[in-house]
Amino acid sequence: RDWVWHFKVDPVIDSLNLLDYDIIHLEWGLEFYRDGRFVKKLKKMNKPIVCTYHGQDLRTRGVIPAIDGASTLNLTSELDLINKHPNLKYLFLPFDTKQYAPKLKVDNKIRICHSPTNRYYKGSETIIPICNELAKKKNVEFFLIENTPYAEAQKIKQSCDILIDQLHNRGGWGYGMNSVEALSMGICCFTELVPEYEKFIPDHPFVNVNAKTLEDDLKTLIANPDEIIKYKQRARKWVVKYHDLNNVANQLYKYYQKNHIT
């Protein structure tokens, strides 16, 4: 495959002057070739190489040895990956938190949403029946957001008070961009956090739930809207502190400095 592709890939590398850049970031720890020939060229030129791993790459495939051997810095936003690689640094997911005006109040009817990219990985088989039942008995609306254009999905999400991210930790620990977006909108977020994650982010604004506690915790907050507002306020402050683009960039530059990347 590498031999077939090089007839098209090499001319593009030349036309875009990719060998002239100062720092190269490789998403998923991948480059154009499986034998790492592009990275090997960069290494000979003393170019810093940064690999960013997102989850399924390390969980299911592992590293590409030629690329891993040449990388200067390895990053991830998935805490469970830290134990899968001997030299992996954590970086919070970067997000433009200024693009949303947070809704820090609760209307008469509390709106709950769940937005699974994959129902199995998000534990939707546990979440959906509980929310559907609550919507029948309480002053609550439930929105299952899936197979929906992004702009429309964001509009629905932004109108909600509570987002339930995931249960069971089947596709990674804790939370991802779904929650980061919701926190930026000033939404109270429910998710399941393992003890290691709670220790890592002890000041987090999440309602930490599991399959046994989800229904009771939802009922408690539905009965106490003022508590939902407190979670909303904490959510917005926390996501700006840790996930805002500028703050994440500052942390990235600190990693550059520690690894002598210039």
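Which residues of H12 are buried? In this predicted model, they are Val248, Leu252, Tyr255 and Tyr256.

**Helix H12**

Helix H12 covers residues 245-258, 14 residues in total. From the first C-alpha to the last, H12 reaches 20 Å, close to the 20 Å expected at 1.5 Å a residue. Seen down the axis of H12, the buried residues fall within an arc of 105°, so they line one face of the helix. Gln257 and Lys258 are exposed, on the other side of H12. The packing partners of the buried residues include four strands: S1 (24-27), S2 (49-53), S3 (73-76) and S4 (89-90). Helix H11 (225-243) also packs against the buried residues of H12. Just after H12, His260 takes a positive phi of about 55°.

**The chain as a whole**

The protein chain has 262 residues, and buried residues make up 48% of them. Its secondary structure comes to 12 helices and 9 strands. Along the principal axes, the C-alpha trace spans about 65 × 35 × 35 Å. Of the contacts between residues at least 6 apart in sequence, 70% join residues at least 24 apart.

**His243 in helix H11**

His243 is placed in helix H11. With a relative accessible area of 1%, His243 counts as buried because this value falls under the 20% limit. Its side chain makes a polar contact of 2.8 Å with the side chain of Tyr175. Leaving aside neighbours within four places in sequence, His243 is in contact with Phe92, Leu93, Pro94, Phe95, Tyr175, Val180, Trp238 and Val248. Val248 in this list is also one of the buried residues of H12. The C-alpha atoms of His243 and Met177 are separated by 10.0 Å, and the two residues are 66 residues apart along the chain.

**Asn178 in helix H8**

Asn178 belongs to helix H8 (residues 177-184). Asn178 is buried, with a relative accessible area of 11%. The side chain of Asn178 reaches the backbone oxygen of Ser115 at 3.4 Å. Not counting residues up to four places away in sequence, Asn178 touches Ser115, Lys157, Leu163 and Asp165.

**The largest pocket**

The largest pocket holds about 910 Å³ of space. Its lining consists of 37 residues, and Glu78, Thr117, Lys122, Gly171 and Gly176 lie nearest the centre. Helices H3 (56-61), H5 (119-122), H7 (150-158) and H8 are the elements that give two or more residues to this lining. The largest share, 4 residues, comes from H7.

**Positive phi in loops**

Asn46 and Asn147 each take a positive phi without being glycine. The table sets out their values and places.

| Residue | Phi | Relative accessible area | Loop |
|---|---|---|---|
| Asn46 | about 60° | 68% | between helix H2 (37-44) and S2 |
| Asn147 | near 55° | 80% | between strand S6 (140-144) and H7 |

Are these two residues buried or exposed? Asn46 is exposed, and Asn147 is exposed as well. The loop of Asn46 leads to S2, one of the strands that pack against the buried residues of H12. The loop of Asn147 leads to H7, the helix with the largest share of the lining of the largest pocket.

How values were computed: Residues numbered from 1 in each chain as written. Heavy atoms only, no water. Expected span 1.5 Å × (residues − 1). Buried < 20%, exposed > 50% of the residue type's maximum accessible area, 1.4 Å probe, protein only. Arc of directions from axis to C-beta. Contact = heavy atoms within 4.5 Å. Polar contact = N/O pair within 3.5 Å; in protein donor to acceptor, adjacent residues only side chain to side chain. 1 Å grid on protein atoms, 1.4 Å probe; cavity = no way out; pocket = protein on both sides within 12 Å on 5 of 7 lines; lining within 4 Å. Points joined across faces, edges and corners; volume = space filled by probe spheres on them.
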